[in-house]
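Visitor: I am new to this structure. Please show it to me, and then explain some of the words used to describe it.

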Amino acid sequence: MKKRRIPQRMCIGCRERMEKRNLTRVVRTPVEEIIVDPTGKKAGRGAYLCGKVECLEKAIKTKGLEKALNCTITPEVIENLRKHGFNE
């Protein structure tokens, strides 16, 4: 039996490589809306974060999220991401 390959992605906060299903995908949709994609299948440019609040804060501080999504991040979007439920 052939072993399935598990997709790996890198967290833009801590730069650690993990399984895709263990990361949270943030996506910039074709209509320039930035949302959290729990399914990981929405159309658009995506960036991945692990569930730690430190990684989210580091991605915001270093503008890693802006670079990964190729757009500017508004304070409203940042608050929405913080409310999404990143762990301590």
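Guide: T62 makes a useful start: with a relative accessibility of 41%, T62 is partly exposed. This is a predicted model, in which local features need pLDDT of at least 70 and side-chain atom pairs count only at pLDDT 80 or more, while totals for chains, interfaces and linings use all residues. Residues are numbered from 1 along each chain as its sequence is written, and side-chain values use heavy atoms, with hydrogens and water left out.

Visitor: Why is T62 called partly exposed?

Guide: Buried means under 20% relative accessible area and exposed means over 50%, with partly exposed in between (1.4 Å probe, protein chains only). T62 has 41%, so T62 counts as partly exposed.

Visitor: Where does T62 lie?

Guide: T62 is in the loop between α1 and α2. Helices (H or I, at least four residues) and strands (E, at least two) are DSSP runs, numbered from the N terminus.

Visitor: What makes the approach of T62 to K58 a polar contact?

Guide: A polar contact is a pair of N or O atoms within 3.5 Å; within protein, one must be able to donate a hydrogen and the other to accept it, and residues adjacent in sequence count only if both atoms are side-chain atoms. A polar atom of the T62 side chain lies 2.8 Å from the backbone oxygen of K58, so the distance is within the limit.

Visitor: What about R28: why is R28 called buried?

Guide: Its relative accessible area is 15%, which is under 20%, so R28 is buried. R28 is part of strand β3 (residues 24-28), and its side chain makes a polar contact of 3.4 Å with that of E32.

Visitor: How do you know that β3 and β4 pair?

Guide: Two strands pair if DSSP finds at least two bridges between them. β3 and β4 have four bridges, so they pair, in the antiparallel sense. V27, for instance, has I35 in β4 as its bridge partner. The open sheet has three strands in the order β4-β3-β5.

Visitor: What makes β4 and β5 edge strands?

Guide: Each of them pairs on one side only.

Visitor: What makes a set of residues a nonpolar core?

Guide: The set must consist of buried Ala, Val, Leu, Ile, Met, Phe, Trp, Tyr and Cys residues joined through side-chain atoms within 4.5 Å. The largest such core here has 24 residues, and L49, L65, L69 and I73 have the most contacts inside it. Helix α1 gives the largest share, four residues.
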